[in-house]
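User: I am in my first year and would like a close look at one part of this structure, namely the helix that carries one half of an aromatic pair and one half of a salt bridge. Please take me through its partners slowly, and then set it in the rest of the chain.

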Amino acid sequence: MPSRSTTTSCPSSTRRLARSIASSATIVWSLASLGQSFGYTFHEKLRDSNGAVASGPPLATAAWLSVATGVVVAAIAVGLRVFDAEEVLWVTFAWLAPVSFLRTLSSVSTVVLSMQHRDAFRMKVTAVSVVIKVGLVIALRHSGGPGAAMAFLVSDLVMSGSYTASVYGRRPWVRAADG
């Protein structure tokens with residue numbers, strides 16, 4: 001009996017869903033790498049100061065960079081909608097716009113946490129985030145790409161919130177606004 005290709009045995013709707021999740025996640029992760037690159041520009045100062053936050057990336061700059069990545073993903077969502085892309089694709093991108101913001105911000109914070117040798121903290125937070133994400137993906141499995149994006153958003157709220165609060169304090173936006 002000839003073997004069947006997964007492409008031919010897989011319904012086209014499933015292939016479209018997989019493509020929408022893969023393409024949107026790839027763009028989010030690529031943009032978030034900007035946060036990591038930005039954070040690593042401070043690695044020498046952070047290393048010399050044993051991870052002192054004052055010698056690391058400024059929160060205001062990290063926040064603006066994160067906003068920019070979120071806006072890029074939101075613009076992609078709008079563009080897909082305007083040019084009549086499949087709904088599952090543009091809705092998935094729309095849900096992932098705030099994820100891009102969060103993932104970029106957590107990438108900056110990860111650099112500081114690694115220079116502070118806080119690997120156990122990072123692993124615990126990441127484990128909790130993964131459990132939340134997997135649980136939500138299972139719970140929202142009938143929602144397709146947008147459901148997966150919602151799970152990504154909620155889990156990244158936990159991870160980015162924990163990392164940012166740990167590095168910059170519990171109310172970093174208030175301090176950043178005060179100068």
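Analyst: Two rings of Phe, Tyr or Trp, with the six-membered ring taken for Trp, count as a pair if their centres lie within 6.5 Å; planes under 30 degrees apart make the pair stacked, planes over 60 make it edge-to-face, and the rest are tilted. With that rule, a search of the whole structure, which is a predicted model, finds three aromatic pairs. One of them joins Trp 29 and Phe 152, whose ring centres are 6.2 Å apart and whose planes meet at 55°, so that the pair counts as tilted under the limits of 30 and 60 degrees. This pair links distant parts of the chain, for Trp 29 belongs to helix H2 (residues 12-40) while Phe 152 belongs to helix H7 (residues 144-168), and their positions lie 123 residues apart in the numbering. The two partners can also be described by their exposure: Trp 29 is partly exposed, with a relative accessible area of 47%, whereas Phe 152 is buried, with a value of 8%.

Helix H7 is the part you asked about, and its next partner is a charged one. The side chains of Asp 156 and Arg 103 meet in a salt bridge, with 2.6 Å from N to O. This link, too, connects distant parts of the chain, since Asp 156 is in helix H7 and Arg 103 is in helix H5 (residues 87-115), 53 residues apart. Both Arg 103 and Asp 156 are buried.

A further residue of helix H7 is Pro 146, which counts as buried at 12% relative accessibility, because buried means under 20%. Leaving aside neighbours within four places in sequence, Pro 146 is in contact with Val 88, Val 91, Thr 92 and Trp 95. For one of these, Val 91, the C-alpha atom is separated from that of Pro 146 by 6.1 Å, although the two residues are 55 apart along the chain.

It helps to set these links beside others elsewhere in the chain. The count of salt bridges comes to two, and besides the one between Arg 103 and Asp 156 there is one between Arg 122 and Asp 119, where the closest N and O atoms are 2.6 Å apart. Arg 122 and Asp 119 are three residues apart in helix H6 (residues 119-139), which means that about one helical turn separates them. Here Asp 119 is partly exposed, at 38% relative accessibility. Close by in the numbering, the charged end of Arg 118 sits over the ring of Phe 121, at 5.1 Å from the ring centre.

Now for the whole chain. The protein chain has eight helices and zero strands, and buried residues make up 36% of its 179 residues. Among contacts between residues at least 6 apart in sequence, 76% join residues at least 24 apart. As for the outside, the chain exposes about 10000 Å², with carbon and sulfur atoms supplying 65% of that area. On this surface Trp 64, Val 67 and Val 71 form a nonpolar patch, with about 330 Å² of accessible area together. One of its members, Val 67, lies in helix H4 (residues 59-82) and is partly exposed, with a relative accessible area of 35%.

Key: Residues numbered from 1 in each chain as written. Predicted model: local features only at pLDDT ≥ 70, side-chain atom pairs only at ≥ 80, totals over all residues. Heavy atoms only, no water. Helix = DSSP H or I, 4+ residues; strand = E, 2+ residues; numbered from the N terminus. Buried < 20%, exposed > 50% of the residue type's maximum accessible area, 1.4 Å probe, protein only. Contact = heavy atoms within 4.5 Å. Areas by Shrake-Rupley, 256 points an atom, 1.4 Å probe, with all protein chains shown as cover. Patch = residues over 30% accessible without salt bridge, like charges linked within 9 Å, V, L, I, M, F, W, Y side chains within 5 Å. Salt bridge = Lys/Arg side-chain N within 4 Å of Asp/Glu carboxyl O. Lys NZ or Arg CZ within 6 Å of the ring centre and 35° of its normal.
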